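Let's work through some exercises together, one small step at a time. Keep the sequence and the 3D view open while you read.

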Amino acid sequence: AEYMGDQRLQMAFRVFSRVSFAAPAHVRTIKAKVSNVIQKYEQPKEVLKLIRAFANREFDESVDVALKLGVDARRSDQNVRGVCQLPHGTGKKVVLAVFAKGDAATAAQTAGADIVGAEDLIERVKNNDIPFDKCIATPEMMSSLAKVARILGPRGLMPNPKMGTVTNDVTKAVKDAQAGQLQFRMDKQGIVHIAIGKVSFSDDVLLENLKAFMRTMEKMKPPTSRGMFLREMALSSTMGPGFKVHIYTVLPSSRQCLI
């Protein structure tokens, strides 16, 4: 309830944003006051307060990030995808599968993979039995996995060397995945969506995760992209409204960074 007034201020700001400089002085003064309040709540810590105020579901909602990129999503050479290591994880239990044989399969089991298999696991996937949220594969298994690429691909589960999910060092890959490694990919609108934790996480934990993600994104600009790469950001809870964050306050390379 404390922040409901700020929602009305946002609505008021949308109205006053149409006011021209030719408007009466008292109207321009009100517009300036409203604008100052809105700018305050575009700071990361203030936005997290708003998110918690609206996160009133019975479950622990995720804190989601929507980051608008300055790329042409229609061009394949400007497609943005990658991997980020969140220092505190997302708070979500991830069921990890490893497609491997022999010593690699043994190493994956020792490292703590939830499911380890080869042809038997591929057969389960063929029958649309996919009991995992993420998977890793050794290079020798990729030819066999090609049989189920049409099943795993649309779900974003197909192992990819660029994402670090095709490797001979399965021990490191499994430990990285369990330690909070996050995969992301730009959608058709040029927006990257990720979760940086749970509403129950402290502000410091969420902001450290956000900072790690933004450090990664600053390095992801395609060579053919022109202009500002990281354009706009909004934070929200799983079932709550989105709140805009001033982009310069979350850029680690910016002097205005507040995280």
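Helices here are DSSP runs of H or I with at least four residues, strands are DSSP runs of E with at least two, and both are numbered from the N terminus. The model you are looking at is predicted.

**Exercise 1. Take stock of the whole protein.**
How many helices and strands are there in the protein?

*Solution.*
Step 1. Count the elements: the protein has 9 helices and 9 strands.
Step 2. Turn to burial, where a residue counts as buried under 20% relative accessible area. Of the 259 residues in the protein, 42% are buried.
Step 3. Look at the contacts with a separation of 6 or more: 69% of them join residues 24 or more positions apart.

**Exercise 2. Find the two sides of α4.**
Which residues of α4 are buried, and which exposed residues does the face turned away from them carry?

*Solution.*
Step 1. List the buried residues of α4: Ala104, Ala105, Ala108 and Ala111.
Step 2. Look down the helix axis. These buried residues fall within an arc of 125°, so they line one face of α4.
Step 3. Turn to the face pointing away from the buried side, where you find the exposed residues Gly102, Asp103, Gln109 and Thr110.
Step 4. Ask what the buried residues of α4 pack against: the partners are β3 (96-99), β4 (115-117) and α8 (170-178).
Step 5. Check what follows the helix. Just after α4, glycine 112 has a positive phi of about 110°.

**Exercise 3. Do the same for α8.**
Which residues of α8 are buried, and what do they pack against?

*Solution.*
Step 1. The buried residues in α8 are Val170, Ala173, Val174 and Ala177.
Step 2. Their arc around the axis is only 95°, so they sit on the same side of α8.
Step 3. The buried residues of α8 pack against β3, α4, β5 and β6.
Step 4. Now look just past the end of α8: glycine 180 takes a positive phi of about 110°.

**Exercise 4. Explore the largest pocket.**
Which residues lie nearest the centre of the largest pocket, and which element gives the largest share of its lining?

*Solution.*
Step 1. Start with the volume of the largest pocket, about 1,000 Å³.
Step 2. The lining has 35 residues, and Asp133, Lys134, Gln181, Leu182 and Gln183 are nearest the centre.
Step 3. Elements giving two or more residues to this lining are β5 (134-137), α8, β6 (181-185) and β7 (191-198).
Step 4. The largest share, 5 residues, comes from β6.
Step 5. Sort the lining by class: 13 residues are nonpolar, 14 polar and 8 charged.

**Exercise 5. Follow threonine 165.**
Is threonine 165 buried or exposed, and which residues does it touch beyond its sequence neighbours?

*Solution.*
Step 1. Locate threonine 165 in the loop between α7 (149-152) and α8.
Step 2. Its relative accessible area is 3%, so threonine 165 is buried.
Step 3. Leave out residues up to four places away in sequence. Threonine 165 then touches Lys134, Cys135, Ile136, Ala137, Pro159, Asn160 and Gln183.
Step 4. Zoom in on one partner: the side chain of threonine 165 reaches the backbone nitrogen of asparagine 160 at 2.7 Å.
Step 5. Pick another partner. Threonine 165 and glutamine 183 are 18 residues apart in sequence, and their C-alpha atoms are 9.9 Å apart in space.

**Exercise 6. Classify three more residues.**
Are serine 225, aspartate 64 and asparagine 128 buried, partly exposed or exposed?

*Solution.*
Step 1. Serine 225 lies in the loop between α9 (203-218) and β8 (230-237). With a relative accessibility of 4%, serine 225 counts as buried. A polar atom of its side chain is 3.0 Å from the backbone oxygen of glycine 70.
Step 2. Aspartate 64 belongs to strand β1 (residues 62-69). Its relative accessibility is 24%, so aspartate 64 counts as partly exposed. Aspartate 64 and lysine 198 are 134 residues apart in sequence, yet 8.7 Å apart in space from C-alpha to C-alpha.
Step 3. Asparagine 128 is in the loop between α5 (119-126) and β5. Asparagine 128 has a relative accessible area of 51% and is therefore exposed. Its phi is near 60°, a positive value in a residue other than glycine.

Technical notes: Residues numbered from 1 in each chain as written. Predicted model: local features only at pLDDT ≥ 70, side-chain atom pairs only at ≥ 80, totals over all residues. Heavy atoms only, no water. 1 Å grid on protein atoms, 1.4 Å probe; cavity = no way out; pocket = protein on both sides within 12 Å on 5 of 7 lines; lining within 4 Å. Points joined across faces, edges and corners; volume = space filled by probe spheres on them. Nonpolar A, V, L, I, M, F, W, Y, C, P; charged D, E, K, R; others polar. Buried < 20%, exposed > 50% of the residue type's maximum accessible area, 1.4 Å probe, protein only. Polar contact = N/O pair within 3.5 Å; in protein donor to acceptor, adjacent residues only side chain to side chain. Arc of directions from axis to C-beta. Contact = heavy atoms within 4.5 Å.
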